[in-house]
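Hi everyone, thanks for making time. I'll walk you through a structure that's probably new to most of you, so let me put it on the screen and we'll go piece by piece.

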Amino acid sequence: MSFWHKLNQMDSRIIYTALLLVLIGALIFPMGLPINIGTSSQAAYDIFNHFKAGDILYVSFDYDAAGATDIQSSVEACIRLVFKNGGRVAAGALWPIGAQQAEYLFRDMLKEFPDLVEGVDYLNLGYKPGGQMYIEKAMDNIAEACANVDNAGRNLSQSPIMKDLKTLKDAAAVICGNHGSPGASEWVPMYATAYAVPNKIPFVVCASAVNATINAPYVQSGQITVYLNGIRAGAEMEILTGQLGTAVAGMDAQSLSHLLVLALMVLGNISYFMVKRENKAKKEA
Amino acid sequence: MQLSTSFAVWLTAGMTLAIYSGVYKENPFYRLVEHIYVGVSAGNGVVATIDNYIRPTIQIDIAKNGTWTYLIPIFIGLFVYARYSKNRKINWLSRIPLAFWVGIGSAVVITKTFKANFISQITATFLPAVTNDPLTMFNNILMIVGVISVLSYFFFTFEMPRPLKVIPKFGRYIMMIGFGAAYGNTVLSRISVLLGRLQFLLGNWLGIIQTRV
Amino acid sequence: MLKRYLPFIMAVGIGLSYIISGSSPVISSWKATLDKWFLISTAFAVLIGTASLSQVHWRNLRRPDRRIYSVALGIALYGTILLGLIQTGRGAQYQILYNMTIVPLEAAILSQIAFYITSAAFRVLRMRSFEASLMLVSAAIVMLYNVPIGAAIWPGFPVIGKWLMNIPNTAAMRAITMGAALGGSATAIRIFLGLERSYLGGGDE
Amino acid sequence: MPIFSGQLIVMLIQVSVAILIYFLIQHAKAGHRLPKIRRLAGLDAIDEAIGRATEMGRPVIFANGSNGLDDAQTIASFPVLSYVAHTCARYDTKLIAVSYVAPVYPVMEAIVRAGYIEANKQTSYDPVSTVRFIASGWGAAASALQGTMRRERVAACIYMGAFFAETTMICEVGASLGAIQVAGTASTAQLPFMISSCDYTLIGEEYYAAGAYLSKDVVQRANLIALDYTKVLAICLILLGAIMATLGNASALTSFLML
């Protein structure tokens, strides 16, 4: 068997190992490549940097621990700006683990803004099953859609923030942390098209990068006001808000692993053509 | 930073490594972790449903607020278990919840998603084909032609006359470019997740790199 | 007769009443009621999955090679449910269980894909045809657009990558989305016209 | 009182499609011929895949994704499942239909049972091992699905429905087992992986049309013709809107469609 044949049928485990080595190497020895700020991140920054005191941001944590690396940095940066301006935040979750992610995020925020009071400045409504049915119901009445309990099992009427947040229509902006379904694909028809677009309410989607292609038509049509794409947008938001974190730290590893994938694509094609040529030569011989 | 002393971190690290070992070869560790994962997550699905729906519906809505009409959906839901009955007079009742769910599901499909995914997409393609900026003009025309040609790829009954056959073909090319873009974005996304796990393994567990939390 | 037609009439009747109720704010409370009923009724059906899972693994107990795994699954499943019933999902021990198993395992499973996708880039993305080449080139450019090193290699990559995402990709995804919306609503219409009844199963009466 | 405010045009289109389908069926019943339809290679591939599994004496696996009954993608998988169950029953090929959404599972069970009864094979139908609820949520499902596919050594994989991250994993595992894979989905983010690793893939609307293809001849054609007319309408509207936008502005047409 020729070299190209062997390469063509290379054991996948070699590739797995190469990927691991590249990522681990980049994490231990970061290079600090410069990151340019894109227009979407700037737009998100402008929206939340001008958030009015007392206004409520509704954040839907529609992702789990796996999606968090891609999404949480962007969501966190937006929420940080809202709190900085004296805004309030209500968190819901269409994914079971989303409620946890919200809890982690609020815990971090409390370290930065010790004056925040749960139930007054922020509230975690917890996981609500039902996907699009929940959104549909929450457009009429959030309390009913939540079966009247928050994440900690308390009655919603105990929390002052809920007095100003009877329905989703009372939110000054909505963020959807989108990792899959339910997520933006449910928020766009149920909330954005039905309410946010006609009333010019910002609807921001912070999504893992897989969703970029699906959501592209909604971004171009304006059904999604701002779209923050994956860890890249997370890194940009971290730079904009001046709080560097995991997203910026991961970007070098991303760069190198992408180069590895590209190199493999090129190698795969070279071996493909070489094998094809050898086979053709054999046939002729 | 140093090696973690937390049991939870070690357990998590062990399970993560067991999952990765499955990528190399199926083995008993992977299989065990897989079964535990399936069990816990199915159990968690039940617990979350009880906490979020069953308990509040019975305790608050019915017992406290007296919304007795909620007994109707409860019975509809419970009918699904009729399928375990051997009695033919009873087990057909399991079709009632199926009909109820599919009926509402179809109605939601018709009323909600159609506007966002069809009408709004048509109106968003109302772009001027002549503009002062040549690049915008090119983009607008490409967008209009692209959408139309991909739509025409999905014709099931119209046979295109020969010179027009290039339209669905062009549509397929446009789709392939779109799928390539999707592939590229997915790489970013998936590596992010692996990065998150490696940051955990190298940081929280082995203590080689700095991490937050 | 009844057994066959009642469920079907119910699906159509409930569905149409849902649509009509959505037509005007005056009668939309019925739609809201149905939304809530949908959530409640699916919640009460949740044990159907547990039952199926238990049946499969109960049977596995007879197979020595699979016994231990099925036992582990059973303990995990019923242990989780029991703990959840005793102290609800918000209990301290439950949270520990949750954070030590589901949270990291889900992330670990998802991150497996990074390995698969890398090897797929080597094995699958090949220039077999013009179409495949288009996909490959577009994937490569978008990848370089997404990471900072792309701009460092050539400042043109972010520009082209962004253009690919905004114009051809949007056009393709828009048309696919439109087609899917059409197909989806046609599926629903088939249900309302009674042309599609497979969801009820066929069989007796 | 505004009726169907914001939904008026949507309703008009839906009702016209319904009337058109009904009319076309009546038209055909009156003896008129309806236009021919193009074959979908992906659907023929289902037969091929089951045939291959039958020859090899190994099972067929059918999965229909992560979404519930309120997603048209899930509903559209049912006629395909019905067909697959019927075919597998007829050839005595082992079928494993897996679900990871609790309310979808009983529907699948009803469909598969009906398929076996129709093929007169109710005696060989084993509800426990044929239709399985394998996990709840895609994460656990992805791992359980990989495991099931490897342990049962499936020879044919049919994925129809709304899929997410699990796609890459199951397609890779299916490919490593040398199985024939047929996929159908409207989940655009997953299509590149299905197109590159599966033997046949039904894209978007093709997938929804599969149900129509598998149903009776007249219904099938009526449905597909109605869909094509709606697409022609969409194309005309886009052209009209683009012309209006070029000449001045298209906001009149936009606001009309948004009624």
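Okay, let's start inside chain B. The centres of domain 1 of chain B and domain 3 of chain B, taken over C-alpha atoms, lie 34 Å apart. The two still touch: eleven residues from domain 1 of chain B and twelve residues from domain 3 of chain B take part in the contact. Before I go on, please keep in mind that this is a predicted model.

For orientation, chain B as a whole splits into domain 1 (1–66), domain 2 (80–125) and domain 3 (129–213).

Back to that contact. Between domain 1 of chain B and domain 3 of chain B, about 990 Å² is buried, and carbon and sulfur atoms give 72% of it. What about charges and polar pairs? There are zero salt bridges between domain 1 of chain B and domain 3 of chain B, and one residue pair in polar contact across that interface. If you look at who sits on the domain 1 side facing domain 3 in chain B, you get seven nonpolar residues, four polar ones and no charged ones.

Now chain C, which also comes in pieces. Here we have domain 1 (1–87) and domain 2 (125–205). Their centres in chain C, again over C-alpha atoms, are 31 Å apart. Eleven residues of domain 1 of chain C meet seven residues of domain 2 of chain C. Together those two domains of chain C bury about 770 Å², with 68% of that on carbon and sulfur atoms. On the side of domain 1 of chain C that touches domain 2 of chain C, I can list eight nonpolar residues, one polar and two charged. How many salt bridges cross between these domains of chain C? Zero. And the count of residue pairs in polar contact across the interface of domain 1 and domain 2 of chain C is zero too.

Let's zoom out to whole chains. People often describe how big an interface is by the accessible area lost when the parts come together. For chain C and chain B, that comes to about 9900 Å², with 78% from carbon and sulfur atoms. The contact involves 108 residues from chain C and 103 residues from chain B. Across it there are 17 residue pairs in polar contact.

There's also one salt bridge across the interface of chain C and chain B. Which residues make it? C:E131 pairs with B:R172, and the closest N and O atoms are 3.0 Å apart.

Chain B also meets chain A. In that case 40 residues of chain B are in contact with 50 residues of chain A. The buried area between chain B and chain A is about 4000 Å², and carbon and sulfur atoms account for 65%. Salt bridges between chain B and chain A: zero. Residue pairs in polar contact between chain B and chain A: twelve.

On to charged pairs in general. Side chains of opposite charge can pair when their charged atoms come close. Over all chains, the structure has 28 salt bridges. Let me show you a few of them.

One joins chains B and D: B:E26 with D:R151, where the closest N and O atoms are 3.7 Å apart.

Another is within chain A, between A:D11 and A:R13, with closest N and O atoms 3.7 Å apart. Both ends are partly exposed: A:D11 has 39% relative accessibility, and A:R13 has 36%.

Then there's A:R154 with A:D150, where the closest N and O atoms are 3.1 Å apart. Here the two ends sit in different classes. A:R154 is partly exposed at 31% relative accessible area, while A:D150 is buried at 1%.

Last topic: cysteines. How many disulfides does the structure hold over all chains? Zero. Take A:C78 as an example. Its closest cysteine sulfur belongs to A:C206, and the 4.6 Å between the two sulfurs is too far for a bond. Turn it around and you get the matching picture: for A:C206, the closest cysteine sulfur is in A:C78, at 4.6 Å. Are these two buried or exposed? A:C78 is buried, at 0% relative accessibility, and A:C206 is buried as well, at 1%.

That's my tour, so over to you for questions.

Note on methods:
Residues are numbered from 1 along each chain as its sequence is written. Chains are lettered from A and ligands numbered from 1 in the order in which they are written. This is a predicted model: local features need pLDDT of at least 70, side-chain atom pairs count only at pLDDT 80 or more; totals for chains, interfaces and linings use all residues. Side-chain values use heavy atoms; hydrogens and water are left out. Domain bounds come from an automatic or database domain assignment. Contact means heavy atoms within 4.5 Å. Buried area is the accessible area (1.4 Å probe) that two parts lose on being put together, summed over both. A salt bridge is a side-chain nitrogen of Lys or Arg within 4 Å of a carboxyl oxygen of Asp or Glu. A polar contact is a pair of N or O atoms within 3.5 Å; within protein, one must be able to donate a hydrogen and the other to accept it, and residues adjacent in sequence count only if both atoms are side-chain atoms. Ala, Val, Leu, Ile, Met, Phe, Trp, Tyr, Cys and Pro count as nonpolar, Asp, Glu, Lys and Arg as charged, and the others, Gly among them, as polar. A disulfide is a pair of cysteine sulfur atoms within 2.5 Å. Buried means under 20% relative accessible area, exposed over 50%, partly exposed in between (1.4 Å probe, protein chains only).
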